[in-house]
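Morning, everyone. Take a look at the fold on the screen, and then I'll walk you through the sheet and some helices.

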Amino acid sequence: MDNIRKHFSALAQDEIVYLDSAATTLKPDVLIQSINDYAQCVGSVHRGFGLTVEFEQARSDIAHYFNLKPTEVIFTSGTTASMNIVAFGLEHLIKQGDSILITDSEHHSNFLPWQRLAVRKKAHFAKIKINKNFDIDRESLINQLDNSVKIVVLHLVSNVTGYKQDIKNIVAKIRAKSSAFIVLDIAQGVFDTLDLKEFDCDFYAFSAHKFYGMTGLGFLLGKESSLEQLEPLFLGGKMVDSVNWDSCKLSKLPHRLEAGTPHILGVLGFQRVLQWYKSFDPNSLNQHLRALTQELFDALSKNPAITLISSADAKNIVTFVVDGISSSDIADILEKQGIIVRVGKLCSELLMEKLGHRSVIRVSLAHYNNKDDIQKFINALDLTLELFE
Ligand SMILES: Cc1ncc(COP(=O)(O)O)c(C=O)c1O
């Protein structure tokens with residue numbers, strides 16, 4: 001996949017080994033070009049002269065990519081914003097004694113909005129059991145599904161372990177027993193081409209910057225019939241058909257959930273990113289990442305001082321700790337050698353507590369990484385650990 005690496009000018013100098021793509025991916029040249037193009041454009045969207053046609057075409061292309069309708073694509077500022085919009089938007093349907101089911105492995109952005117909703121409405125906030133191998137325990141989940149359950153909150157791929165849930169199967173089991181809303185965080189799952197219609201959840205959230213797009217742009221995707229039930233969190237321009245002194249008439253989807261001027265540059269850039277991404281063979285992209293992740297996992301497994309948290313089948317994320325050495329000290333020394341990894345609680349304190357670690361090191365890969373990156377990382381890690389001997 002050296003082919004794809006060439007599309008990232010940031011890697012041209014070979015000065016850094018970037019292994020923190022689960023935090024944010026590097027920007028491909030196609031995105032940088034779209035920023036330049038946009039900077040020369042005149043006007044806004046949905047407000048007279050400007051880029052409305054191009055903007056709505058981008059929405060259609062993005063919807064098509066995920067097998068959704070354009071009315072099922074809401075532009076937000078990120079996964080965090082999307083989850084807050086859904087949690088706020090469903091509040092009017094939740095009453096005291098209702099239940100929200102959620103795993104303890106969610107990123108804080110998909111945990112705290114639901115925790116607040118449960119507190120505000122005096123709803124039960126119940127934990128979905130996750131097995132030792134990080135798989136959601138289907139049997140106990142199904143047993144929890146009584147009539148009080150109104151919302152089930154899940155993730156596709158864990159930002160800590162890289163474990164991918166078999167969501168289609170889990171959702172089918174939930175649907176067979178419950179009419180609860182199903183909310184899915186797909187922030188770490190978008191490297192795979194996702195058919196969201198098949199997934200059959202009500203709401204999905206991800207951020208463009210985790211998938212070669214810009215920061216400041218996110219997506220709330222879902223079923224039209226579910227999105228329609230959300231009370232808008234943000235009120236303002238272009239989301240109303242009419243306003244009078246006492247009330248207003250909200251616009252139809254998608255605009256009713258998009259108050260204010262949107263991230264036009266981000267949306268047009270992401271449309272180009274998708275076009276570019278689709279020009280590669282998805283199987284080769286997948287195999288490349290899988291092979292690199294396996295290589296990384298195998299190399300780390302050889303060191304008896306290392307405790308791996310991720311399992312061998314993890315997506316592009318491998319997380320570990322080193323016995324007796326602080327994770328942040330290791331990450332600092334790696335950074336001095338030009339190796340960028342992530343360290344800390346990874347915005348997942350509950351999972352970290354369950355795993356019994358105060359801080360972990362996360363190595364996360366994207367398609368621009370290569371075998372050389374893995375080797376440089378392993379060499380740098382060996383050198384670093386020698387310093388502590
Ligand atoms: C699984 C998961 N969910 C949500 C988020 C939050 O994304 P953002 O900060 O872009 O809103 C992240 C970011 O790391 C994530 O990994």
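In what order do the seven strands of the open sheet come? The order is 2-8-7-6-5-3-4, with mixed pairing. A quick word on the source: this is a predicted model, where local features need pLDDT of at least 70, side-chain atom pairs count only at pLDDT 80 or more, and totals for chains, interfaces and linings use all residues. Residues are numbered from 1 along each chain as its sequence is written, and side-chain values use heavy atoms, leaving out hydrogens and water.

Terms next. Helices (H or I, at least four residues) and strands (E, at least two) are DSSP runs, numbered from the N terminus. Strands pair if DSSP finds at least two bridges between them. Contact means heavy atoms within 4.5 Å. Axes are lines fitted to C-alpha atoms, for helices over the stretch in contact; angles run from 0 to 180 degrees between N-to-C directions.

Now the edges. Strand 2 (73-76) and strand 4 (124-128) each have a single partner strand, so one side of each has no neighbour in the sheet. From one strand to the next, the twist averages 20°.

Inside the sheet, strand 7 (residues 203-207) and strand 8 (residues 218-222) run antiparallel, joined by five bridges. Phenylalanine 203 has glycine 222 of strand 8 as its bridge partner.

Helices on the sheet: helix 3 (residues 52-65) lies across strand 2 and strand 8, at about 115° to strand 2. Helix 4 (residues 79-90) touches five strands, including strand 5 (149-155) and strand 6 (181-185). Its direction makes about 155° with that of strand 7.
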